[in-house]
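This report is an introduction for someone looking at the structure for the first time. It takes up the cysteines, the ligand, a surface patch and one helix residue in turn.

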Amino acid sequence: MNINTNYLNLNESYLFSTIASKVREHAQANPAAEVIRLGIGDVTRPLTPAVVEAMQQATAEMAAAASFRGYGDEQGYGFLRQAIAEYYATKGVTLHEDEIFVSDGAKSDLANILDIFAQDNTVLIPNPVYPVYVDVNTMAGRNIVYMHGSADNDFLPMPDDTVQADVIYLCSPNNPTGAVYSKAQLRQWVDYALARDAVILFDSAYEAFVQDDSLPTSIYQVDGAERCAIEFCSLSKTAGFTGTRCGYTVVPHALVRGGVALNKLWLRRQTTKFNGVPYVVQRGAQAVFSPQGLAQAKTDIAYYLENARIIADALEQLGVAFTGGRNAPYVWLQCPGGMNSWAFFDALLEQANVVGTPGAGFGANGEGFFRLTAFGSRENTIEAMRRIAACKLMKT
Ligand code: PLP
């Protein structure tokens, strides 16, 4: 018996546990301090009335023999896939129902999709980015090449013709930087992938936060993407489903590699290894796409984006460089005075009792940067920025 030794190559994920223990120690040493957490990227607004009502109704159906449901289609109920297709139609994207796969969230699919790709593919991953892409490819022992985000490219790395990649992760709006690719930039990525027969894994978990109409919310808004891209989305941030769990993955029929439609492979993978999302949750997800559901989700997103604006405006006044905060729930700032991101974390906790996330936790290129999230309450966001503006740390 041999273990998968690739797991030994993982960087220990100390980020959030280190943050938690530092905050705990700080609270013990300063019992009167009221710590504000703008660190973890979890939502705080409850499920909307449209979703709750649909889930209550579905629960009642499950309680009666005549309407009870057991196993559903692994790839999701038709009613939800149709609702998602209609949502895509509003973006000018035409999808067939069977190109949409309902899942328990984007994280699992972003990892599970690797099942359908050969082991010897080279994977191109932005840095900094959501750490899951690196970890799941490390577990699988794949060769990873990084593309570098920096202030110079507004944290939007572009294709490099000298780099050969087979699988390319893109995240837009990006976690942690809040940066969003333009259509012209995605056009370049699609051309690069098509020229190499590569496949783009496009993570649009934060698409609902995009306010600027000129920015794409789906890679399929770029012609040809249906021949080179798989898109992953989630209701976690769109509609507060982080604890309810529902997402969806789009694998277009036109995406063919090695003479095989990837849609067919993914269907086979899902029907074999996955048994679907609970009926009650899928009814809640369907309600997100109803006119009331969309309006209610929009209200919550507007609430978070107002928090992001408050953070961004405060940083602007302080003269701190940042990205994000306009079309994303994240603000990514440069640590003042050239501080490294953990030193800034410690100083901010000490001087302002505010918790954020050190950029180094999202990849080597995150060093010297810091993430604040807009998912807190309005009061806490205002108070946190007041404290940050007042602390001497920001005057270095
Ligand atoms: N993709 C990105 C970029 C994320 O930041 C997250 C969660 O933070 C996810 C995917 C995971 O989403 P889900 O809750 O749907 O698994």
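Cys246 is buried, because its relative accessible area is 1%, and the cut-off for buried is under 20%. The model in which this residue sits is a predicted one.

**Cysteines**

Cys233 is buried as well, with a relative accessible area of 1%. Why does Cys246 form no bond with Cys233, the cysteine whose sulfur is closest? The sulfur of Cys246 is 11 Å from that of Cys233, which is too far for a bond. Seen from the other side, Cys233 has its closest cysteine sulfur in Cys246, again 11 Å away and too far for a bond. A disulfide requires two cysteine sulfur atoms within 2.5 Å, so a separation of 11 Å does not qualify. A search of the whole structure for disulfides gives a count of 0.

**Ligand**

How many residues surround the ligand? There are 14, and the closest are Ala106, Asp203, Tyr206, Ser234 and Ser236. Polar contacts to the ligand are listed below, by residue and by the atoms involved.

| Residue | Protein atom | Ligand atom | Distance |
|---|---|---|---|
| Ala106 | backbone N or O | oxygen | 2.7 Å |
| Asn175 | polar side-chain atom | oxygen | 2.8 Å |
| Asp203 | side-chain N or O | nitrogen | 2.6 Å |

Taken alone, the ligand exposes 400 Å², and the protein buries 91% of that area. In the table, Ala106 takes part through its backbone, whereas Asp203 uses its side chain to meet a nitrogen atom of the ligand. Asn175 also makes its contact from the side chain, to an oxygen atom of the ligand.

**Surface patch**

Which residues make the nonpolar surface patch of about 420 Å²? Met1, Ile3 and Leu8 make it. Of these, Ile3 is found in the segment before helix H1, which spans residues 15-29. Is Ile3 buried or exposed? Ile3 counts as exposed because its relative accessibility is 53%, and exposed means over 50%.

**Helix H8**

Ala287 is found in helix H8, made up of residues 279-288. With a relative accessibility of 10%, Ala287 counts as buried, since the limit is under 20%. How far is the C-alpha atom of Ala287 from that of Phe375, and what is their distance along the chain? The two C-alpha atoms are separated by 22 Å, and the residues are 88 apart along the chain.

Conventions:
Residues are numbered from 1 along each chain as its sequence is written. This is a predicted model: local features need pLDDT of at least 70, side-chain atom pairs count only at pLDDT 80 or more; totals for chains, interfaces and linings use all residues. Side-chain values use heavy atoms; hydrogens and water are left out. Patches are made of residues with over 30% relative accessible area and no salt bridge: like charges are joined within 9 Å, nonpolar side chains (Val, Leu, Ile, Met, Phe, Trp, Tyr) within 5 Å. Accessible areas come from the Shrake-Rupley method with a 1.4 Å probe; for residues, only the protein chains shown count as cover. A salt bridge is a side-chain nitrogen of Lys or Arg within 4 Å of a carboxyl oxygen of Asp or Glu. Helices (H or I, at least four residues) and strands (E, at least two) are DSSP runs, numbered from the N terminus. Buried means under 20% relative accessible area, exposed over 50%, partly exposed in between (1.4 Å probe, protein chains only). A residue is near a molecule or strand if one of its heavy atoms lies within 4 Å of it. A polar contact is a pair of N or O atoms within 3.5 Å; within protein, one must be able to donate a hydrogen and the other to accept it, and residues adjacent in sequence count only if both atoms are side-chain atoms.
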